Amino acid sequence: MAQTFNDLYTNYTDNCGDTTAANLVIGKNRINDTNKELLAMHDYYFAETSSNFTTGASDYTYDLPYDFGRMIAITIRVGDETYSLEEVPSHDKWQQIHKFRSTETNDIPLAYHITGDRAEIYPIPTAAGTASYGTFYYVKRVVDMQYADYTTGTASMTNGATALTGSGSTWTSAMAGRFFQIDTGARWYEISAFVSTTALTLKKTYQELTATAAAYTIGEISLIPEEYHNLLWYQPVAQYWMLKKETDQAAYYQALYDKGKKEFFNTYANRTRSQILSGRQRSSNRSITAYGSPRWDEPSYRWGGGSSGSGEEWDG
């Protein structure tokens with residue numbers, strides 16, 4: 001069963017037997033630390049998302065999404081063709097490219113480079129694109145959970161729709177990104193947009209029976225799959241008992257955490273559970289992302305076919 005942040009810190013204080021305000025603050029911090037630790041273990045598919053952007057004529061720099069953590073790939077659509085750009089991770093190599101080709105423009109994209117909170121693409125686009133012309137594929141930045149559950153008033157929703165209507169509620173824009181569930185429901189639904197204090201929009205259509213004036217909960221939920229939400233409070237509880245020098249209690253919760261952490265990684269480290277093994281791959285300085293775009297890993301980067309005179313060549 002999925003646990004909201006409110007559920008997590010309630011389980012923490014219950015299993016510590018310490019409901020003081022000071023311990024609650026410590027528990028919330030440790031839950032967030034554990035959440036970040038687990039999500040940093042691997043590039044999990046459930047932490048990935050995408051965001052569209054529109055290219056502009058003679059504009060080669062674009063703001064990254066607000067929740068950007070790490071880029072996976074960038075694609076740009078030109079007419080009916082979609083191009084996967086090559087990443088140039090080295091800042092020096094990127095500067096060399098622009099030094100020699102700073103005035104070249106072309107609507108066929110080739111490469112990108114991340115600098116600060118912006119993505120740069122090469123070559124510089126000749127003309128402005130249309131909506132959804134380009135797409136960032138990236139891993140979300142993990143932010144601290146902080147909000148208690150919100151349950152004021154009632155909510156009404158229709159099967160197959162995305163609109164939520166509240167009565168007696170005071171919903172806020174900060175609720176976008178949190179999750180909604182009626183108290184008798186079986187699923188949680190991510191909130192995509194704030195409309196008003198009595199209207200919200202779900203990211204996906206409501207799949208349960210139409211409900212009117214129903215009791216509900218809006219809460220923050222970790223990206224980690226719900227069957228492993230207990231891990232988020234197991235370790236903080238173990239740390240609590242260790243500091244209290246209650247070694248048996250500490251060892252019990254730490255063992256639960258260690259076992260669950262291993263199972264979590266084994267379950268979600270791969271995108272599928274296929275038993276088919278791929279053949280041995282030939283060594284290359286390029287690694288292919290899940291979206292088909294190559295990522296250059298070695299410090300030596302070659303651009304074009306310098307030996308044939310058709311392009312420049314740089315060696316690190």
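**Helix packing, strand pairing and a few odd backbone angles**

Helix H2 (residues 21-39) packs against helix H5 (residues 247-268) at an angle of about 35°, and their axes lie 11 Å apart. Here, axes are lines fitted to C-alpha atoms, for helices over the stretch in contact, and angles run from 0 to 180 degrees between N-to-C directions. Helices (H or I, at least four residues) and strands (E, at least two) are DSSP runs, numbered from the N terminus.

Some ground rules before I go on. This is a predicted model, where local features need pLDDT of at least 70, side-chain atom pairs count only at pLDDT 80 or more, and totals for chains, interfaces and linings use all residues. Residues are numbered from 1 along each chain as its sequence is written, and side-chain values use heavy atoms, with hydrogens and water left out.

Back to the helix pair. H2 and H5 cross in the right-handed sense. On handedness: a crossing is left-handed if the near helix is turned anticlockwise from the far one by less than a right angle, and right-handed if clockwise. Which residues meet? From H2 we have Thr34, Glu37 and Leu38; from H5, Tyr257, Lys261 and Phe264. That contact divides into three nonpolar residues, one polar and two charged. For those classes, Ala, Val, Leu, Ile, Met, Phe, Trp, Tyr, Cys and Pro count as nonpolar, Asp, Glu, Lys and Arg as charged, and the others, Gly among them, as polar. Contact means heavy atoms within 4.5 Å.

Next, helix H4, residues 231-243. At 1.5 Å a residue, its 13 residues should span 18 Å, and the end C-alpha atoms are 19 Å apart, which agrees. The expected span is 1.5 Å times one less than the number of residues. Is H4 mostly covered or mostly open? Mostly covered: ten of its 13 residues are buried. Buried means under 20% relative accessible area, exposed over 50%, and partly exposed in between (1.4 Å probe, protein chains only). Among the buried ones are Trp233, Tyr234, Tyr240 and Trp241. The cover over the buried residues of H4 includes helix H1 (5-16), H2 and H5.

Just after H4 comes Lys245, in the loop between H4 and H5. Phi of Lys245 is positive, near 65°, in a residue other than glycine. Lys245 is exposed, with a relative accessible area of 70%. Compare Ala213, found in strand S14 (residues 211-214). Phi of Ala213 is also positive, near 50°. Ala213 is partly exposed, at 48% relative accessible area. Why flag these? Most residues other than glycine have a negative phi, and most peptide bonds are trans.

That brings me to the peptide bonds. Tyr122 and Pro123 are joined by a cis peptide bond, with omega about -5°. Pro123 sits in the loop between strand S7 (118-122) and S8.

Now the sheets. One open sheet has four strands in the order S1-S8-S3-S4, with antiparallel pairing. Strand S1 (48-53) and strand S4 (81-84) are at the edges, each with a single partner strand, so one side of each has no neighbour in the sheet. From one strand to the next, the twist averages 25°. Two strands pair if DSSP finds at least two bridges between them. S1 and strand S8 (residues 134-140) have six bridges, in the antiparallel sense. Thr49 has Tyr138 in S8 as its bridge partner.

Ala47 is in the loop between H2 and S1. Buried or exposed? At 8% relative accessibility, Ala47 counts as buried. Not counting residues up to four places away in sequence, Ala47 touches Tyr138, Val139, Lys140 and Leu223. Leu223 is 176 residues from Ala47 in sequence, yet the two are 6.3 Å apart in space, C-alpha to C-alpha.

Last stop, strand S10 (residues 163-167). Side chains alternate along S10: Leu164 and Gly166 point to one face and are buried, while Ala163, Thr165 and Ser167 point to the other and are not. Strand S9 (residues 154-157) runs antiparallel to S10, joined by four bridges. Thr154 has Ser167 in S10 as its bridge partner. S9 and S10 form a hairpin with five residues between them, and Gly160 in the turn has a positive phi of about 85°. S10 is also joined to strand S13 (residues 199-202), again antiparallel, by three bridges. There, Ala163 stands opposite Thr201.
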